[in-house]
Amino acid sequence: MRRQHLGRWILTAVLIVFGVVMLAPLVWLVSESLTKETSAFYLPPSWIPRDPTLENFSAMAELIPFGRMFLNSVIVSVTATAGALLVSLMAAYAFSRLRFRFREGMFALMLAALMVPMQMTIIPVFFLMRNLGLVDTLGSLILPALINVFAIFFFRQYFNSIPRELDEAATLDGAGHGWILFRMLIPLSGPAIAAMTILNFEATWNNYFGPLIFLRTEERMTLPLGLVTLQAGQSGSSVVVFAAITAVVVPALVVFLLFQRAFISSVATAGVRG
């Protein structure tokens with residue numbers, strides 16, 4: 001028993017140290033974003049802002065249309081995440097519950113797409129968006145994001161872990177595929193959905209490559225592209241850039257905190273099985 005307690009204390013101490021190391025850059029980032037230019041970048045680092053001010057955030061809004069960029073990022077991230085979850089859940093249901101020809105071959109071919117980097121497919125996707133008239137619009141970021149191969153695989157494996165006897169019982173009661181998916185499987189897949197919500201939102205929110213290719217005008221840019229514009233500007237000071245980075249990091253952190261319990265539950269229960 002003493003060895004077990006000692007092992008737990010050591011493990012807890014190690015985890016605390018790693019947690020502090022991981023949080024330290026974030027705390028320093030927020031501290032510097034609230035510090036005046038003349039008081040920034042002291043050594044050793046200051047974890048509490050000296051002469052705290054919000055001038056950096058107001059200066060950021062004057063240098064770039066931050067409000068519009070923030071709204072663009074919210075629209076793209078929320079719409080793409082919700083759409084990708086809906087499409088992935090329906091596709092996963094088809095691969096998990098429906099029987100049709102070449103199902104396994106189609107699934108294997110789809111998984112093979114995970115090995116193809118986005119940079120290799122961006123040219124045909126760009127021509128497709130141009131032919132659809134979506135270049136330099138938010139739709140050029142939302143439409144390609146609706147197909148998430150990893151999410152389809154993730155949900156399909158999770159559905160496979162749910163007993164099929166539930167489907168058979170629902171079918172005997174007259175339920176169709178839509179009822180089984182939306183009224184039974186999806187409510188049982190809360191942890192998996194929360195996990196994919198976090199991953200999809202963070203990937204879309206932090207996406208830089210897509211906006212760099214498809215967006216041209218400043219009013220339609222998202223925050224990652226706006227940060228590069230701000231950093232490249234001659235009038236953008238370092239602390240102003242830090243303020244912009246803080247404004248970008250905080251929403252993603254909030255989303256993670258909202259869904260963290262379900263996310264941890266999905267990992268603890270080994271949702272990817274089958």
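How are α3 and α9 oriented to each other? In this predicted model, α3 and α9 are roughly perpendicular to each other, because angles from 65 to 115 degrees count as such, and the legends below take up this pair along with the other views.

**View 1. The contact of α3 with α9 in the predicted model.** The axes of the two helices, α3 (66-97) and α9 (177-188), come within 11 Å and cross at roughly 110 degrees. From α3, the contact is made by Leu86, Leu89, Met90, Tyr93 and Arg97, and from α9 by His177, Ile180, Leu181, Phe182, Leu185 and Ile186. Sorted by class, the residues of this contact comprise nine nonpolar, one polar and one charged.

**View 2. The second largest pocket and the helices that line it.** This pocket has a volume of about 190 Å³, and its lining draws at least two residues from each of α3, α8 (165-172) and α9. The most is given by α8, which supplies three residues. The lining residues are Tyr93, Arg97 and Arg99, then Arg164, Asp167, Glu168 and Thr171, and finally Ala175, Gly176, His177 and Ile180. Among these, Tyr93 and Arg97 of α3 and His177 and Ile180 of α9 also belong to the contact between those two helices. By class, the lining divides into three nonpolar, three polar and five charged residues.

**View 3. The packing of α3 against α7.** Helix α7 (residues 149-160) and α3 pack at an angle of about 50 degrees, with their axes 8 Å apart, and the two helices are therefore oblique to each other. Their crossing is right-handed. On the α3 side the contact is made by Leu85, Ser88, Leu89, Ala91, Ala92, Tyr93, Phe95, Ser96 and Arg97, while on the α7 side Ala151, Ile152, Phe155, Arg156, Phe159 and Asn160 take part. This contact has 10 nonpolar, three polar and two charged residues. Leu89, Tyr93 and Arg97 of α3, which appear here, are also among the residues that α3 brings to its contact with α9.

**View 4. The packing of α3 against α10.** The axes of α3 and α10 (190-205) lie 9 Å apart, and the helices pack at an angle of about 140 degrees, which makes α3 oblique to α10. Here too the crossing of α3 is right-handed. The residues in contact from α3 are Phe70, Ser73, Val74, Val76, Ser77, Val78, Ala80, Thr81, Ala84, Leu85 and Leu89, and those from α10 are Ile193, Met196, Thr197, Asn200, Phe201, Thr204 and Trp205. By class, the contact has 12 nonpolar and six polar residues, with no charged residues. Leu85 and Leu89 of α3 also take part in the contact with α7.

**View 5. The largest pocket and its lining.** With a volume of about 850 Å³, this pocket is lined by 28 residues, of which Met118, Pro144, Ala145, Ile147 and Asn148 lie nearest its centre. At least two residues of the lining come from each of α3, α5 (118-131), α6 (139-145), α10 and α11 (209-214). The lining holds 19 nonpolar and nine polar residues and no charged ones.

**View 6. The chain from which the close-ups are taken, as an overview of its helices.** The secondary structure of the protein chain comes to 13 helices and zero strands, so that, by the numbering of helices from the N terminus, α3, α7, α9 and α10 can be placed along the chain. The C-alpha trace spans about 70 × 70 × 30 Å along its principal axes.

Definitions and conventions: Residues are numbered from 1 along each chain as its sequence is written. This is a predicted model: local features need pLDDT of at least 70, side-chain atom pairs count only at pLDDT 80 or more; totals for chains, interfaces and linings use all residues. Side-chain values use heavy atoms; hydrogens and water are left out. On a 1 Å grid over the protein atoms alone, a cavity is a set of points where a 1.4 Å probe fits but cannot get out, and a pocket is an open set with protein on both sides within 12 Å along at least five of seven lines; lining residues have an atom within 4 Å of a point. Grid points are joined across faces, edges and corners, and a volume is the space filled by probe spheres set on the points. Helices (H or I, at least four residues) and strands (E, at least two) are DSSP runs, numbered from the N terminus. Ala, Val, Leu, Ile, Met, Phe, Trp, Tyr, Cys and Pro count as nonpolar, Asp, Glu, Lys and Arg as charged, and the others, Gly among them, as polar. Axes are lines fitted to C-alpha atoms, for helices over the stretch in contact, and angles run from 0 to 180 degrees between N-to-C directions. Angles under 35 degrees count as roughly parallel, over 145 as roughly antiparallel, 65 to 115 as roughly perpendicular and the rest as oblique. Contact means heavy atoms within 4.5 Å. A crossing is left-handed if the near helix is turned anticlockwise from the far one by less than a right angle, and right-handed if clockwise.
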